[in-house]
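Trainee: Before we go through this model, could you take my questions one at a time and show the reasoning behind each answer?

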Amino acid sequence: MRELTLMIKPASGLCNLACEYCFYRDLSRCRERASYGVMSQETLEAVVRRACREAEQGVNFIFQGGEPTLAGLEFYRQFEAFVKQYASRGLRVNRSIQTNATLIDEEWAAFLKRYGYLAGVSLDGPAELQNDLRPTAA
């Protein structure tokens, strides 16, 4: 396989917001088990190892959720360690994350910049609209 793209939900459907229109929020309510929690290090390693083995030219890792930053910055540091370990020379690795950005601080921003993540931020518009449609989970 020349190029491989994986969409990864590292924190299952977990989110720190309670958006009225959220697909995953509605779906979680219908499941016997609402959330599968944060992906284990063992699973993360297996995903990275196999993706890097199967891809010939490049692999695209796309993190989304729920809210993928709930997996924690240490989760992504470990992901980068696995990429370094398993990505052969010449294998292009692209990284993307779709986030509500509520947990992005300077440390997160520096990390995303260092590894060249394409970061998509979900916004609904001006603060009045954003705050009405996207309350915190509390």
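Mentor: What follows is a set of questions and answers on a predicted model.

Trainee: Which residues of helix 4 are buried, and on which side of the helix do they lie?

Mentor: Helix 4 spans residues 106-114, and its buried residues are Trp108, Phe111 and Leu112. Around the axis they cover an arc of only 95°, which means that they lie on the same side of helix 4.

Trainee: Which elements do the buried residues of helix 4 pack against, and which exposed residues sit on the face turned away?

Mentor: The buried residues of helix 4 are packed against helix 3 (73-86) and strand 3 (92-99). The face turned away from that buried side carries exposed residues, namely Glu106, Lys113 and Arg114.

Trainee: At the start of helix 4, which backbone nitrogen does a side-chain oxygen of Asp105 reach, and within what distance?

Mentor: The side-chain oxygen belongs to Asp105, at the start of helix 4, and its partner is the backbone nitrogen of Glu107, which it reaches to within 3.1 Å. Just after helix 4, for comparison of the two ends, Gly116 takes a positive phi of about 70°. The nitrogen asked for is therefore that of Glu107, within 3.1 Å.

Trainee: How many aromatic pairs are there, and what is the geometry of the pair Tyr76 and Trp108?

Mentor: The count of aromatic pairs comes to nine. For Tyr76 and Trp108 the ring centres are 5.4 Å apart and the planes stand at 65°, and because planes over 60 degrees apart count as edge-to-face, this pair falls in that class. Tyr76 belongs to helix 3 and Trp108 to helix 4, so the pair ties together parts 32 residues apart in sequence. Both residues are buried, and the answer is nine pairs, with this one edge-to-face.

Trainee: What class does the ring pair of Phe111 and Tyr115 fall into?

Mentor: Phe111 is buried, with a relative accessible area of 7%, whereas Tyr115, at 25%, counts as partly exposed. Their ring centres are 5.0 Å apart and their planes are at 50°, so the pair is tilted.

Trainee: Which residues do the ring pairs link into a cluster?

Mentor: Taken together, the ring pairs join residues into a cluster that includes Tyr76, Trp108, Phe111 and Tyr115. In full, its members are Phe61, Phe63, Phe75, Tyr76, Phe79, Trp108, Phe111, Tyr115 and Tyr117.

Trainee: How many salt bridges does the structure hold, and how far apart in sequence are the parts tied together by Arg92 and Glu3?

Mentor: The structure holds six salt bridges, and in one of them the side chains of Arg92 and Glu3 meet at 2.1 Å, N to O. Arg92 lies in strand 3 and Glu3 in strand 1 (residues 3-8), so the parts that this pair ties together are 89 residues apart in sequence.

Trainee: Are Glu80 and Arg95, which meet in a salt bridge, buried or exposed?

Mentor: The side chains of Glu80 and Arg95 meet at 2.8 Å, N to O. Glu80 lies in helix 3 and Arg95 in strand 3, so this salt bridge ties together parts 15 residues apart in sequence. As for accessibility, Glu80 and Arg95 are both buried.

Trainee: Which residue forms a salt bridge with Arg77?

Mentor: Arg77, at 36% relative accessibility, counts as partly exposed, and its partner, at 47%, is partly exposed as well. The closest N and O atoms are 2.6 Å apart, and the partner is Glu107.

Note on methods
Residues are numbered from 1 along each chain as its sequence is written. This is a predicted model: local features need pLDDT of at least 70, side-chain atom pairs count only at pLDDT 80 or more; totals for chains, interfaces and linings use all residues. Side-chain values use heavy atoms; hydrogens and water are left out. Buried means under 20% relative accessible area, exposed over 50%, partly exposed in between (1.4 Å probe, protein chains only). Helices (H or I, at least four residues) and strands (E, at least two) are DSSP runs, numbered from the N terminus. The arc is that of the directions from the helix axis to the C-beta atoms. Contact means heavy atoms within 4.5 Å. A polar contact is a pair of N or O atoms within 3.5 Å; within protein, one must be able to donate a hydrogen and the other to accept it, and residues adjacent in sequence count only if both atoms are side-chain atoms. Rings of Phe, Tyr and Trp (its six-membered ring) pair if their centres lie within 6.5 Å; planes under 30 degrees apart count as stacked, over 60 as edge-to-face and the rest as tilted. A salt bridge is a side-chain nitrogen of Lys or Arg within 4 Å of a carboxyl oxygen of Asp or Glu.
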